[in-house]
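Colleague: Please take a close look at one part of this model for me. I would like to hear about the second largest cavity and what lines the space.

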Amino acid sequence: MKNKWLKAILFSAIGIILIVWVFRTLETEFTTISIQRLKEAGLLLSQSVPSRSYDQWVSATRQQYPDILPFISEGNAEFGEEVRAVISSAADQAFFDWAQSLPFYDYGLESTYYEEVYFYPKRVEWEGHPVYLSFTPIIPEELGYVSGTLILLHDGSVIRNYGNLLTGFAVAFIVLLLCILFVNAFSKDPILVYTILIVFLIVGVFIAFPLYQAFRLTMLKDGVFSLEVWKYVLSNRNYLQALWGSILLGVLTATVSTAIGFLFAFTLTRTNVRGKKFFSTMATLPVISPPFSLTLSMILLFGSYGLITRRILGLTNVDIYGLDGLVIVQTMGMFPIAFMVLSGVLEAIDSTFEEAAMNLKASRWKVFSTVTLPLSVPGIASAWLLVFTNSIADFANPLILAGKYKVLSVEAYMEVTGMNHLDIGAALSIVLLIPTFLAFGLQRYWISKKSYVTVTGKPSGRILEVVSPGVKRMLFAMMAVISGFLISLYATIVAGCFVKNWGIDYGFTFDNIVEALQRGKDAIGDTTLLAAIATPIAGLLAMIVAMIIVRKRFPGKGLMQALVMIPYAVPGTLVGISFIIAFNKPPLLLVGTAAIIIINYIIRELPVGVESGIATLRQIDPSIEEAAQSLGADTATVFRTIVLPLIRPAFISSLSYTFVRSMTAVSAVIFLISAKWYHITILIYNFSENLRFGLASVLATTLMIIVLAVFWGLRFFVGKSSSMQKNIITR
Amino acid sequence: MSASSVSLTNVYKIFKGFSGEEIVAVNDISFQIEPGTFVTLLGPSGCGKTTSLRMIAGFENPTKGKIKIGDEDVTFIPPWKRDTAMVFQSYGLFPHMNVGENVGYGLKMRKVPVSEIHDRVSAILDLVGLNGFEDRPPSSLSGGQQQRVALARALVVEPSVLLFDEPLSNLDVLLREQMRVEIRRIQQKTGITAIYVTHDRTEAMTLSDTVIVMNNGKIVQTGTPFDIYEEPNSIFVAGFMGKMAYFPVKIVAWEGKNGIAELYDKKLTIRIAKTVTPNDAHQYVMACRPESLKIHENGKGAVPGVVATNVYLGNAIESYIKTEFGEIMVKSELHKERLCPEGSKVSLSIREDKTILLPLEQGIDLLSLNKAST
Ligand SMILES: Nc1ncnc2c1ncn2[C@@H]1O[C@H](COP(=O)(O)OP(=O)(O)OP(=O)(O)O)[C@@H](O)[C@H]1O
Ligand SMILES: [Mg+2]
């Protein structure tokens, strides 16, 4: 033990000395060379100094070389001449007042009288700038002797910055070295410690830091603390209107979606209607449908030039833009969320409750209203909240369809991209967080306590028909209408690909496809490439985080888990804005690169992957991993050969999830794209904005095809391994 | 196989509970295990057996103390760098690998050439009686077969110490007895050092060279199964090893290791347990196994009583005799004794050579001791 300390300290001492020596040498070398160059520049410059009327020369020089400030002292004391500072402005005066007080000033002048250049080797501070001072003799050609001294102020900031950079590197190296030495010496499991440190670094730099920066920016005005931004935001009627708009939209969408979700979930779990598979596909598909696609077809069908509104009904003054359109589109896109929550809940409610009620001679309606419904109330509430938060955070649909209706997410986007008001944008998207957090809190502390249903309850498989045949037919009809509507929406987009000019000329054409693919191929390529890069990283990272959270004990675990989960609750708009705020200056200058988009994908999809990894891993007997350890597998090997194969279903579904979500991302990525790295969804948006609906349709269809292909492809993999999953869950 | 010694020196393990309280799972234990011996950690649930074993395996870090395997201090060495292999209660087989891959896993980690892995895997499967099971998935095996695979997987890497954590508790009684014999046979054959955790005293008795009895995170007695059974050093150990009858006595004199005990008006010469030193300040009880008591139909025995119940066991009979010290069980072989009917007045005689004196700890109630059945 003592030995280890000694060794670690000894090695760190040697390491630190080495690092310091190397960096010192580098810095000195660089400074020497730079000084040499400055000296030569001074000499060269001194040859052009005229023998009298310096003013013009001085101002010319200052213009030509912005990083050199020349001053002149006339006369040569060696010849007994009077030495006089050439002063033609207050600035000159100030300089000489300062310079003459320097201890080496006289020595510098004196050196020049012997035709020597004197360069003061240390950096000095002049009016807050780092500078070097040099004294160069002025030897006018016509005289041939030293007639005065050229005093130059050289800008020292380059040398200083370089020095700072080197110091930064040296410190980083030393920290790294100490980390490695001490972790290796004192940790039983260095790989684990490094993994934990790296995960902390990632979540710290890419989750905590940007959000902190965004929050900080809203508290600053001209670099000092101020509540100006918040005062402005919270007193501006426009923004309050937008906040109210978001909430109203959320409430409406959540209510309608929950109703439709309940309709599907109830009918599919509590009756034996035909076509269950079809209906449940219809009720899940929109989850992976690309953004803008439903919006687009709504416009194509019901817009001012819409197929139905204009062509069929002949209406001229309808306007789908606004709250009504938004509610319809969001509901179509989000009722699947409610459906999935509610069918889980309804499946878990054992039919025996209902049977018992029936036995007690309750009517069907009574059974429903006194048993089924009350039991599913907590489920309904959480479905509602989930849709509500999704609706509030939604950005893509309102961006196109809101029209004059104001919602916060779009407002924030406008502030940032339209007005370049990063601080206001950040503040608005932080406001967006409040309803989300309220909903989360409600879910956590109220609904989960009210829940009577143990979700572990196995579905009994038996179906008790609690509805009369007439009601069943009605439910079936409603589902059919909604599904039909959904299908027609998707069909419209496909149709849009082949129509010459929607609303005006419904002639058939392939031109759209050719043009859209021509103009969109880079964006499609970029999007697919970036998503493909992010996917495995996000998947692996999620599984690694899941493993250390479930299996390892270490300080700060709760913090790590909280940080990893944050992006789940934070709207994409805020993530995007905080990224451009945080990563727009060195050393983390990422804005405009592919990296920032990839990192954004990874960070945003991490929580879902981690959650599913944790859930799967919790079911696996830890002694399986311990057995591997005791047979000689270190942490990394255990992860690779045991954990990853065992949580393969979670891994693959997190891969497919990340890929699909990255391909269809809008809200954060819209802030992060650049001319070099474009995103297909943004291109769809641009086409729609310019009323090129044909092109937009083609891209939306392409995106749907890619997403479906990947989704079903990976499904196939997971399906194959599901038999294995049963074995994992030992007892 | 190179069997190693194992030694623990003043090892503590303190867990932090949910509300931050300290749970002392292992409280200053020290022991030394000779190479090639079979040692059992025995004790009631929660006494820290598993924790001790896991510290030897490297899954837990001792809060304090030192662990050595052979000559190497392994206190801060991770599990994968220790030459130990563990057999788990829940087997811990890799569900995504077949039997052959499971058994070969440790060899692969040790970078053994593939052909050699194959040979060694089939050799070890032979040893555990699972010849030809290489390609079966673990889920298709019975519990006993799975545990054999787990055993083979641990054995095949020829560890210097083999660790078992209640490996048989998931098996039914018959299989358990069979596996017990198997484990002992394989350990003897391979000469490996084995540490075995159990709360089943029969397992401990039949398997071990040495039994370490633990209670409340401490070692209470170490010895051969015979010693532990016949010479317990405390009422706890005596009780844990099986049913005991206890009689409070007054020690009137000590003759070396023998105490002259007074019970009613009889004087008995009873030796004190080997590991206990006589101390006048202590109170003592006489303790003997039910088979060392004899029922007399007359008042010949030292302790008078009334037969409460007779329980017929086939090869023996258990009689419960109501006495002043509670209900005392007597076990007798049926064909040797005449059965005294329930309700008859009897007396009990005690075989002095089979009886020992144990210190009576403060606050222990004899009546309840005699009632508690094990
Ligand atoms: N990871 C842990 N965190 C907190 N307390 C623990 C932990 N592991 C064990 N303990 C506690 O330490 C004590 C000893 O546990 P241990 O598992 O060693 O008992 P055991 O003798 O193996 O019991 P059993 O026969 O039931 O397996 C128990 O009180 C247990 O609750
Ligand atoms: Mg245990």
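Modeller: α6(A) gives the most to the lining of the second largest cavity, with 4 residues. Keep in mind that this is a predicted model. Three elements each give two or more residues to this lining: α6 (190–218), α20 (557–569) and α21 (572–582) of chain A. The space they help to line comes to about 60 Å³.

Now the residues by name. The lining includes Phe206(A), Ile207(A), Pro210(A) and Leu211(A). Ile566(A), Pro567(A) and Val570(A) line the cavity too. So do Val575(A), Ser578(A), Phe579(A) and Ile603(A). Sort them by class and you get 10 nonpolar residues, 1 polar residue and no charged residues.

Set that beside the largest cavity, with a volume of about 70 Å³. Its lining has 6 nonpolar, 1 polar and 3 charged residues. Among the lining residues are Asp55(A), Arg62(A) and Asp92(A). Tyr54(A), Val58(A), Pro70(A), Phe71(A), Ile72(A), Val86(A) and Ser88(A) line the largest cavity as well. Here α2 (55–64) and β1 (68–74) of chain A are the elements that give two or more residues.

How do these two fit into the whole count? The rule finds 7 cavities of 30 Å³ or more. The second largest, at about 60 Å³, is the one you asked about. Look for its lining on α6, α20 and α21 of chain A.

Terms used. Residues numbered from 1 in each chain as written. Chains lettered and ligands numbered in written order. Predicted model: local features only at pLDDT ≥ 70, side-chain atom pairs only at ≥ 80, totals over all residues. Heavy atoms only, no water. 1 Å grid on protein atoms, 1.4 Å probe; cavity = no way out; pocket = protein on both sides within 12 Å on 5 of 7 lines; lining within 4 Å. Points joined across faces, edges and corners; volume = space filled by probe spheres on them. Nonpolar A, V, L, I, M, F, W, Y, C, P; charged D, E, K, R; others polar.
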